[in-house]
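Please open the model in your viewer and keep the selection tool at hand. The tour moves from one selection to the next and says at each stop what is there.

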Amino acid sequence: MTRIIDRRFDSKKKSAVNRQRFMRRFKQQIRRAVSDAIHNRSIRDLDNGEHISIPAKDLSEPHFQHGRGGVWEQIFSGNDQFASGDLINRPPTGGGGRGQGKASNQGEGEDDFVFHLSREEFLDIFFDDLALPNLVRTQLARVTDYKTQRAGFTSDGSPANINIVRSMRGALGRRLALGSPLGARLRELQQELERIVEASGEDCDEAVELREEIARLRLRIEAIPFVDSFDLRFNNRIKVPRPTTQAVMFCVMDVSGSMDEEKKATAKRFFMLLYLFLNRTYEHIDVVFIRHHTVAKEVDEEEFFHSRESGGTVVSSALNLMRDVIQDRYAHGNWNIYGAQASDGDNWDNDSPICHDVLGSRILPFCQYFAYIEITPGEPQNLWREYQKLIGMHSNFAMQRIEEPADIFPVFRELFKKTLV
Amino acid sequence: MKLERAPMRSEKLPAASEWTFEAIDQYHTEIARVATNFGLDTYPNQIEIITAEQMMDAYASVGMPVNYHHWSFGKQFLSTEKGYRRGQMGLAYEIVINSNPCIAYLMEENTLTMQALVIAHAAYGHNSFFKGNYLFQTWTNADAIVDYLLFARNYIAECEQRYGEEDVELLLDSCHALMNLGVDRYKRPPKLSLAKEQLRQTERAEYLQSQVNQLWRTLPLQDAKPGTTPERRFPLEQEENLLYFVEKHAPLLEPWQREVVRIVRKIAQYFFPQRQTQVMNEGWACFWHYTLINQLYDEDLLSDSFMLEFLQSHTNVVYQPAYHERWYNGINPYALGYAMWQDIRRICEDPTDEDRAWFPDIAGSDWRETFDFAMRNFKDESFVAQYLSPKVMRDFRLFAILDDEHEAKLKVSAIHDDSGYQRVREILSEQYNLGSREPNIQVWNVDLRGDRSLTLRHQQYHKRPLGTSTDEVMKHMARLWGFTVRLETAQDDGTVELLQESRIEKRRAHN
């Protein structure tokens with residue numbers, strides 16, 4: 001008795017648990033690999049998984065095996081030149097022609113173990129790094145913006161919204177409904193009147209009675225109002241929340257000599273995270289990269305992260321440039337503007353009050369949100385103190401001093417408090 | 001035995017490349033008929049159609065339909081998936097499980113031809129081998145394996161819930177490291193039965209624990225004077241099954257841990273015959289798919305296009321590259337096995353003088369009887385030693401290389417000529433001997449009166465040292481044993497030296 005069973009629709013993802021176990025077990029290695037990967041990807045590139053490679057030796061499963069050395073006598077196939085007793089030079093280590101028993105110890109084992117992380121797994125590890133609370137991971141912020149739209153008709157509203165066609169149609173219907181029985185009776189009476197007049201003459205009693213009744217009916221018909229308040233119909237408009245579909249994100253970073261690669265890597269995560277949140281909310285996001293030392297310059301992403309400058313720092317140059325770009329290209333109203341600034345806090349002393357001014361009066365009023373992170377292990381610098389004054393005045397401003405990526409998230413906490421209900 | 005001819009039919013089997021259930025059924029019916037005519041004795045078949053992803057799942061859990069969870073299976077899955085997605089590696093066409101009924105997986109991507117080939121190969125070739133070969137009969141229990149795996153998975157899942165995934169995982173890691181040394185090589189284990197397993201599980205756990213306590217009872221021995229009583233070894237005889245020894249005697253393991261060790265041990269035992277019969281088993285299956293399909297072709301049931309595709313796949317499978325080719329990876333067991341079975345048939349049906357000299361017993365005998373005998377009573381090592389003929393050695397152009405680390409050069413010790421046949425055969429047979437392929441490590445002694453340390457002894461084979469992962473394995477052994485574990489190497493000349501010591505200083509607190 002043979003059975004042929006179609007199992008194709010049975011439990012899929014049987015190995016999912018094993019896969020998770022694997023991920024958990026090698027979390028350290030995978031995190032390191034993800035960290036390297038972040039270094040190499042664009043901040044906008046968060047929709048893809050990642051090929052991760054882990055040194056194979058880290059995840060080997062040991063067994064007792066024979067090692068190299070000792071005496072091996074093994075059989076090979078395809079003899080094309082040897083006779084018994086021939087002596088051959090040893091092939092170079094790891095070369096072909098070795099017996100499988102020995103080669104497996106050394107030969108292949110050295111390769112990295114490469115596998116593919118799905119987007120979810122990738123983001124999960126990315127979020128882990130940033131110490132993101134679980135709630136935030138799953139339930140993401142949505143900025144609500146309302147749009148009015150037609151939603152049929154209502155029977156009350158402001159006179160400006162009266163829909164004439166609808167109202168008149170209603171009135172007509174009502175008049176017909178109320179008037180037609182009376183009209184029918186009227187026609188009946190008139191016919192009867194004609195018949196009586198023909199038979200008994202104009203002035204018989206019956207004719208007089210009928211005429212009176214006809215007159216009463218006419219009165220009743222005329223009493224039906226042409227338009228009743230009951231007929232009025234108003235256009236109905238409701239507000240619906242609408243996700244705004246475009247946003248621009250400004251990445252402002254200090255690239256003066258004191259910002260080293262590590263600080264830039266931290267800043268990059270900060271930008272990535274912001275991008276990711278915006279990405280959940282907006283369909284289209286422009287990213288403007290502004291880097292500055294003593295002068296600011298708008299650059300592409302590659303240059304933003306990878307070129308290095310030296311010299312002093314004038315932060316206001318970047319803020320001024322950001323303001324100009326906003327005015328030129330992202331006039332308020334059509335765009336949701338987000339700003340993210342990363343710096344090590346160094347600024348030319350006299351410049352910090354200027355920054356305070358520009359940010360407070362020229363940028364923050366137009367921004368949905370502006371976040372500043374100071375990547376420094378040391379004491380807060382003057383820029384920090386100036387910015388601190390802004391916190392009370394503007395709810396859309398957040399700042400945070402961080403030393404490592406896990407400190408980044410508190411910057412965003414404000415943002416979520418506001419929009420996660 | 002006379003073959004029953006099928007009634008001649010003009011109607012051929014479907015030749016489209018897309019398979020349908022009806023077509024598979026038709027093929028299966030015909031293949032089953034021919035196989036019965038050839039006298040193949042099989043378990044009932046259960047043919048399952050699965051997707052590529054399910055095939056990868058099956059790969060990941062060492063081919064078993066159910067298995068417990070472990071990260072190493074996840075790793076296996078990931079690497080299979082990667083290879084498959086990048087097109088570096090095709091998936092196997094089939095996986096067949098030594099169970100009753102015998103489960104054969106067919107992958108949905110296969111063409112109809114491949115499905116027919118797989119049915120012949122797995123459902124009749126492997127299946128009959130599982131049922132007939134003495135190793136499988138002795139060491140595995142086809143009726144109970146799926147039930148047992150189910151029991152194992154549930155039990156381990158329960159342990160994970162109760163004791164934490166991490167503890168269970170670490171324990172499994174250690175057991176896996178010793179899996180190859182967790183098999184009985186010479187004793188017949190008792191039959192598995194799900195009902196009995198469950199029934200006795202609690203009982204056994206308690207019993208085992210009490211045994212252990214007995215062993216470690218440390219009443220002070222007043223009258224023991226040092227040096228007077230000769231040191232008695234424990235165990236009295238060496239124990240080859242390290243996991244068995246751990247399960248029965250490791251002092252600190254909890255009952256559930258012993259049960260997990262036992263599960264790993266039982267599964268290792270189940271795969272033990274497969275590791276020893278690769279050449280025979282694969283060769284047997286290849287021989288039968290070739291023979292069965294050709295029989296159908298001779299009966300005019302198959303189209304030419306079917307046969308061309310079939311032959312192409314068949315040829316790929318039984319190809320043996322030469323040693324200097326890039327894709328040479330040792331002797332291909334499919335190729336060697338297939339060639340040997342074909343050769344045995346040739347010796348039976350059409351022997352030459354050479355065959356008569358080498359194989360007086362079987363030359364000219366009924367090939368199917370000879371086949372049956374050979375299939376039932378051998379494993380790779382003995383099969384090669386018994387049946388590898390000079391003709392096959394010549395066809396494969398086999399030669400032996402002697403690599404002694406003390407010699408500057410490699411030496412060709414024998415080739416496929418009159419003076420070399422015996423030697424080549426001997427060496428190849430030895431190559432398939434598990435006992436020499438894997439290091440021989442056994443439990444030598446437990447220091448019962450001292451620090452409870454365990455000593456393993458490695459009997460060196462051809463002066464081969466142990467590989468680089470030995471240290472790691474020893475750590476696993478020490479984790480299981482709970483006290484210091486030593487590894488000694490005994491050389492061929494009898495000298496013994498201490499190779500490695502894994503100390504466990506801190507004694508785990510008793511609950």
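The stops below go from the whole complex to the contact between the chains, and then to single elements and domains.

**The whole model**

Begin with everything displayed, bearing in mind that this is a predicted model, for which the predictor gives the complex an ipTM of 0.83 and a pTM of 0.72. If you colour chain B by pLDDT, its mean is 86, and 89% of its residues reach 70 or more. Two stretches deserve caution: residues 1-6 of chain B have pLDDT below 50 and make 6 contacts in the model beyond near neighbours in sequence, while residues 223-228 of chain B, also with pLDDT below 50, make 1 contact of that kind.

Now select chain A, which contains 13 helices and 13 strands. Of its 421 residues, 28% count as buried, and among the contacts in chain A with a separation of 6 or more, 82% are between residues 24 or more positions apart.

**The contact between the chains**

Display both chains again and select the residues where they touch: chain B contributes 82 residues and chain A contributes 57 residues. On the side of chain B, the largest share, 9 residues, comes from helix α3 (residues 71-85). By residue class, that side of chain B divides into 36 nonpolar, 26 polar and 20 charged residues.

**A sheet built from two chains**

Select strand β3 (residues 71-76) of chain A together with strand β4 (residues 399-404) of chain B, which pair in the antiparallel sense over 6 bridges. Which residues stand opposite one another here, across to β4(B)? Val71(A) stands opposite Asp404(B), Glu73(A) opposite Leu402(B), and Ile75(A) opposite Ala400(B), so labelling these residues shows the register of the pairing.

Next add strand β5 (residues 410-415) of chain B, which is joined to β4(B) by 4 bridges and runs antiparallel to it. A hairpin links β4(B) to β5(B) through 5 residues, and in β5(B) the bridge partner of Ala400(B) is Ala414(B). Ala400(B) is therefore a useful residue to centre on, with Ile75(A) opposite it in one direction and Ala414(B) as its partner in β5(B).Widen the selection to take in β4 (87-88) of chain A, and the open sheet of 4 strands appears in the order β3(A)-β4(B)-β5(B)-β4(A), with antiparallel pairing. The two strands of chain A, β3 and β4, are the edge strands, each pairing on one side only. As background, strands of a sheet pair through backbone hydrogen bonds, in either a parallel or an antiparallel arrangement.

**A helix of chain A against chain B**

Move to helix α1 (residues 16-25) of chain A and show the side chains of its buried residues, which are Asn18(A), Arg19(A), Arg21(A) and Phe22(A). Seen down the axis of α1(A), these buried residues fall within an arc of 160 degrees, so they line one face of the helix. What do the buried residues of α1(A) pack against? Their partners are α2 (52-60) and α3 of chain B, and α3 of chain B is the helix that supplies the largest share of the side of chain B touching chain A.

**A buried hairpin in chain B**

Turn to strand β2 (residues 94-97) of chain B, from which Glu94(B) and Val96(B) point one way and Ile95(B) and Ile97(B) the other way, all of them buried. Add strand β3 (residues 102-107) of chain B, which runs antiparallel to β2(B) and is joined to it by 4 bridges. The two strands form a hairpin with 4 residues between them, and across it Ile95(B) stands opposite Tyr105(B).

**The domains**

Finally, colour each chain by its domain assignment. Chain A is assigned domain 1 (16-56 + 111-129), domain 2 (159-237) and domain 3 (244-419). Where domain 1 and domain 3 of chain A touch, the contact takes 7 residues from domain 1 and 12 residues from domain 3, and the residues on the domain 1 side divide into 3 nonpolar, 2 polar and 2 charged.

Chain B is assigned domain 1 (21-133 + 277-312), domain 2 (318-434) and domain 3 (436-502). To end the tour, place a marker at the centres of domain 1 and domain 3 of chain B, taken over C-alpha atoms: 41 Å separate them.

Definitions and conventions. Residues numbered from 1 in each chain as written. Chains lettered and ligands numbered in written order. Predicted model: local features only at pLDDT ≥ 70, side-chain atom pairs only at ≥ 80, totals over all residues. Nonpolar A, V, L, I, M, F, W, Y, C, P; charged D, E, K, R; others polar. Domains from an automatic or database assignment. Buried ≥ 20, exposed ≤ 12 C-beta atoms within 10 Å, placed from the backbone. pLDDT = per-residue confidence, 0-100. Arc of directions from axis to C-beta.
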